Amino acid sequence: MRLDLFQVDAFTDRAFAGNPAAVCFCPETPAEGWMQQVAREMNLSETAFLLPRSDGWGLRWFTPAVEVALCGHATLASAHVLWETARLAADQPARFHTASGLLTAERRGGWIEMDFPATPVTEVASPPRDLSKALGVAPRFVGKSRFDYLLEVASPAEVTGARPDFAMLAALQVRGVMLTARADGKPYDFISRFFAPGSGVAEDPVTGSAHCSLGPFWGERLGKEELLAFQASARGGAVRVRLAGDRVTLIGQAVTVLQGSLLSA
């Protein structure tokens, strides 16, 4: 059986930037072990698996090492492919049934807007000793969301200059670690990096789901409901964030770079 397979660069308007994700269309529910093998073969931060349902699409995300409960860029990539291949009409919203509930996406001109759950952070009074040591920083705030640690530092230079000890980070019992600072000038409100070696991704290029925490965190500090963020990885990418109570709208663009067939299904 041949399965349609795409590779999409998400949170960017040009190829070879942003965060690449694989999108695989499955006619029936595949075995978890098989999905994990495909994700390992693709060797991207996430591979998305889409299964048609009467009221939308079942969606699951796998890193090369584990299944994850929430992923922004592979959801963006999935919605982009649905419209690009006319599986959905241009004016029809995408509906995804996931481990994090119903996620939706809509096209707004050249942008895609995704409705995600907010994952706010709570300050950690006694964070693990190895956390700041692993990043080589002196954080002014340490918090934890449902999935990740968040460390705020004083300047963007501390974010871009961090040289993580990935072995130490991998030992932490979390999905990943966000490192963030207020931006030092327009157009961005804040910058970040995201590390998840324990989940099979040393540094993620652009992490949509992390902005479900970063958006509320910076929105409260900056007194803003709409923010523009930059994730300062080697590839880099911008994420527009709109806050609405316990929901977060993540806004980005995507570009298809590969299209083919998966033969070992």
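User: What makes both faces of β11 covered?
Analyst: D148, L150 and E152 on one side are all buried, and so are Y149 and L151 on the other. Buried means under 20% relative accessible area, exposed means over 50%, and partly exposed lies in between, with a 1.4 Å probe and protein chains only. In a regular strand the side chains alternate between the two faces of the sheet. This is a predicted model, in which local features need pLDDT of at least 70, side-chain atom pairs count only at pLDDT 80 or more, and totals for chains, interfaces and linings use all residues. Residues are numbered from 1 along each chain as its sequence is written, and side-chain values use heavy atoms, with hydrogens and water left out.

User: Why is β11 described as largely enclosed by the rest of the structure?
Analyst: Five of the five residues of β11 are buried, so the description applies. Strands are DSSP runs of E with at least two residues, helices are runs of H or I with at least four, and both are numbered from the N terminus.

User: How do you know which strands pair with β11?
Analyst: Two strands pair if DSSP finds at least two bridges between them. Strand β10 (residues 141-144) is joined to β11 by four bridges, and these two run antiparallel. β11 and β12 are joined by five bridges and run parallel. Both pairs therefore satisfy the rule.

User: Which residues stand opposite each other in these pairs, and how many residues join β10 to β11?
Analyst: V142 stands opposite L151 in β11, and D148 stands opposite G176 in β12. The hairpin from β10 to β11 passes through three residues.

User: Why is the contact between D148 and R175 called a salt bridge?
Analyst: The term requires a side-chain nitrogen of Lys or Arg within 4 Å of a carboxyl oxygen of Asp or Glu. The closest N and O atoms of D148 and R175 are 2.6 Å apart, so the pair qualifies. D148 lies in strand β11 (residues 148-152) and R175 in the loop between α5 (166-170) and β12 (176-182), so the salt bridge ties together parts that are 27 residues apart in sequence.

User: Are D148 and R175 buried or exposed?
Analyst: D148 has a relative accessible area of 1% and is buried. R175 is buried too, at 15%.

User: What makes E203 and R193 a salt bridge, and which parts of the chain does the pair link?
Analyst: Their side chains meet at 2.8 Å, N to O, which is within the 4 Å limit. The pair links distant parts of the chain, with E203 in strand β14 (residues 201-204) and R193 in strand β13 (residues 190-196), ten residues apart. E203 counts as partly exposed at 25% relative accessibility, whereas R193 counts as buried at 9%.

User: How do you know that E113 and R108 form a salt bridge?
Analyst: Their closest N and O atoms are 3.8 Å apart, and the rule accepts pairs within 4 Å. E113 is buried at 17% relative accessibility, while R108 is partly exposed at 45%. Both belong to a network of salt bridges that links E106, R108, E113, E226 and R242. The rule gives 14 salt bridges as its count.

User: What makes a space in this model a cavity?
Analyst: On a 1 Å grid over the protein atoms alone, a cavity is a set of points where a 1.4 Å probe fits but cannot get out. Two cavities of 30 Å³ or more are counted by this rule. The largest cavity holds about 110 Å³ of space, and the second largest about 40 Å³. Grid points are joined across faces, edges and corners, and a volume is the space filled by probe spheres set on the points.

User: Which residues line the largest cavity, and how do they divide by class?
Analyst: Lining residues have an atom within 4 Å of a point. There are 16 of them, and E46, R175, F194, D204 and T207 lie nearest the centre. β13 and β14 each supply at least two residues. The lining divides into six nonpolar, seven polar and three charged residues. Ala, Val, Leu, Ile, Met, Phe, Trp, Tyr, Cys and Pro count as nonpolar, Asp, Glu, Lys and Arg as charged, and the others, Gly among them, as polar.

User: What lines the second largest cavity?
Analyst: Its lining includes L169, R175, G176 and F195. α5, β12 and β13 each supply at least two of the lining residues. By class there are eight nonpolar, two polar and one charged.

Technical notes: 1 Å grid on protein atoms, 1.4 Å probe; cavity = no way out; pocket = protein on both sides within 12 Å on 5 of 7 lines; lining within 4 Å.
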